[in-house]
Amino acid sequence: MNSRQLGKEFQSDSQRLKSLYFDALRETNPSIPPQKIPVTQKFLSLLSALTKRLNPVRRLVFGVSVVSFGLHFLLNFLGFYIFPIQPLLLPVAFLGILFILLIELLEKSDVQKELDFARDIQLSLLPPSALKWDQLEAHSFAATASEVGGDYVDVIKSDKGTYVFIADVSGKGLSAALYMVRIQALVHLIIKKQNPGPKDLFLELNEYVKSNKMDKTFVTACAAFFPKGEDHFIFSRAGHNTPIIFNKKLDSTFKLKTEGFALGMTSTKLLRKTLEEKKFQFEAGDSLLLYTDGLVEARNNIGEEYGEDRLDGLMSIYGSLHAKSITQKIQSSIELYIGDENPLDDITFTTIHKNDPAKSLADS
């Protein structure tokens, strides 16, 4: 770890402590401006907020350690010496703090193991990175900003064709990951039972997302349905990033701009009126890129975003290649751009490419 990374880690920890400090001040002194609160009261508010995060036993040990530490210096300041209590005060304070630190580290290690296990489960639910069917092929990439994430990409085959689905659950971390798993299960269930078009799929999902009035989560998504044996796909976009399509005949890229609110942001009745479903030609040599906002919003070491223009430029150059090659080009580009920076959001994208029809022996 170099000095810049150490600085970033220190800054991140400082921001967390600062956030806890101001939350503690608002909680203990809601009607007093922070600048008018006495310094001792500020310190006690922060100390109280920190100790509340400890369980009762650790809180007791921490209290004994603090009292022992303070009493040791108070007795020295007053010139008293009480044997054998005073020589033990400083070691007791040190051992108490050390005990809490070690237990907290062990607990954090256990939590990390659970999160790693959850990450493995989440990744196992995603489709294989490379898939082929009919003349089509898909290749996907997914990287989470933390141990688990809220991005979801899937390729689902049915009797009538194949669905390609990508979504981004609001928020990050474990809560977003759990919500993503629930969305995935529902998508598979709806497709298996109804074989809906992308718009109807979103309307069904919106009923689920809006079912809990207290739940403020929303989901952005894109869905493309590729009917068997057809040179087109049917597409809807629910508040998600605009996909990019490469047209081989025109040797150019286009953005699939269709209207629609994110799932969970409005009623199903209003969503039915505003959500568009369109048909787009997709012939041999064409490619389609679906991605989440973490890709275009990734930043380099001076805070500049990767951006849609850079992504569009890559599709213009490499859009005629196979899905795996396009995905690898984008992956290399984003990794080179962000360098050592940690992604602020999950990065997920998938590329669909249509190959030329297989030649039969009669054609050769």
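**Exercise 1. In this predicted model, find the strands that H6 lies across, and the strand to which its angle is about 30 degrees.**

Solution. Start with the helix itself: H6 covers residues 198-209. Follow its contacts and you get E4, E5, E6 (232-238) and E9. The angle of about 30 degrees is the one to E6.

Now do the other helix on this sheet. H5 lies across E3, E4 and E5, and runs at about 15 degrees to E3.

**Exercise 2. Work out the strand order of the five-stranded open sheet, and say which strands stand at its edges.**

Solution. Step one, the order: E3-E4-E5-E6-E9, with antiparallel pairing.

Step two, the edges. E3 and E9 (277-281) each have a single partner strand, so one side of each has no neighbour in the sheet.

Step three, the twist. Ignoring direction, neighbouring strands here are turned by 15 degrees against each other on average.

Step four, zoom in on one pair. E4 and E5 are joined in the antiparallel sense over nine bridges. To check the register, take Tyr163: its bridge partner in E5 is Phe225.

**Exercise 3. Which elements each supply at least two residues of the largest nonpolar core, and which gives the largest share?**

Solution. First, the head count: this core has 28 residues. The residues with the most contacts inside it are Tyr152, Phe165, Val187, Phe202, Leu205 and Leu263.

Next, sort by element. Strand E3 (151-157), E4, helix H5 (173-194), H6 and strand E5 (219-227) each put in at least two residues. H5 gives the largest share, with eight residues.

Don't lump everything together, though: there is a second, separate core of 20 residues, which includes Val164, Ile166, Cys222 and Phe233.

Finally, take Phe202 as a sample. Leaving out residues up to four places away in sequence, its contacts include Phe165, Ala221, Leu263, Leu271 and Leu275.

**Exercise 4. Is Thr162 buried or exposed, and which side chain makes a polar contact with its own?**

Solution. Place it first: Thr162 is in strand E4 (residues 161-169). Its relative accessible area is 5%. Since buried means under 20%, Thr162 counts as buried.

The polar contact is with the side chain of Trp133, at 3.1 Å. Beyond four places in sequence, Thr162 also has Val155, Ile156, Lys157, Ala224, Phe225 and Phe226 among its contacts.

**Exercise 5. How far apart are the C-alpha atoms of His188 and Ile156, and which residues does His188 touch?**

Solution. His188 is in helix H5, and it is partly exposed at a relative accessible area of 35%. Along the chain, His188 and Ile156 are 32 residues apart, yet their C-alpha atoms are separated by 7.5 Å. With residues up to four places away left out, His188 touches Tyr152, Asp154 and Ile156.

**Exercise 6. Sort the named residues of H9 into buried and exposed, and find where the buried ones sit around the axis.**

Solution. Begin with the buried set in H9 (residues 308-318): Leu311, Asp312, Leu314 and Met315. They span an arc of only 155 degrees around the axis, which puts them on the same side of H9. The helix geometry to keep in mind: an α-helix has 3.6 residues a turn, so residues three or four places apart point the same way.

Now turn the helix over. Asp309 and Ile317 are exposed on the other side of H9.

Last step, the packing partners. The buried residues of H9 pack against E7 (244-247), E8 (252-255), E10 (287-291), helix H8 (293-296) and helix H10 (323-338).

**Exercise 7. Give the order of the six-stranded open sheet and one bridge pair between E10 and E11.**

Solution. The order is E1-E2-E11-E10-E7-E8, again with antiparallel pairing. E1 (130-133) and E8 are the edge strands, each pairing on one side only. From one strand to the next, the twist averages 15 degrees.

For the pair, E10 and E11 (residues 347-354) share five bridges in the antiparallel sense. Leu290 has Thr350 as its bridge partner in E11.

**Exercise 8. Where do Asn195 and Asp251 lie, and what are their phi values?**

Solution. Asn195 is in the loop between H5 and H6, with phi near 45 degrees, a positive value in a residue other than glycine. Asn195 is partly exposed, at 24% relative accessible area.

Asp251 is in the loop between E7 and E8. Its phi is positive too, about 50 degrees, and it isn't a glycine either. At 55% relative accessible area, Asp251 is exposed.

Conventions
Residues are numbered from 1 along each chain as its sequence is written. This is a predicted model: local features need pLDDT of at least 70, side-chain atom pairs count only at pLDDT 80 or more; totals for chains, interfaces and linings use all residues. Side-chain values use heavy atoms; hydrogens and water are left out. Helices (H or I, at least four residues) and strands (E, at least two) are DSSP runs, numbered from the N terminus. Buried means under 20% relative accessible area, exposed over 50%, partly exposed in between (1.4 Å probe, protein chains only). A polar contact is a pair of N or O atoms within 3.5 Å; within protein, one must be able to donate a hydrogen and the other to accept it, and residues adjacent in sequence count only if both atoms are side-chain atoms. Contact means heavy atoms within 4.5 Å. A nonpolar core is a set of buried Ala, Val, Leu, Ile, Met, Phe, Trp, Tyr and Cys residues joined through side-chain atoms within 4.5 Å. The arc is that of the directions from the helix axis to the C-beta atoms. Two strands pair if DSSP finds at least two bridges between them. Axes are lines fitted to C-alpha atoms, for helices over the stretch in contact, and angles run from 0 to 180 degrees between N-to-C directions.
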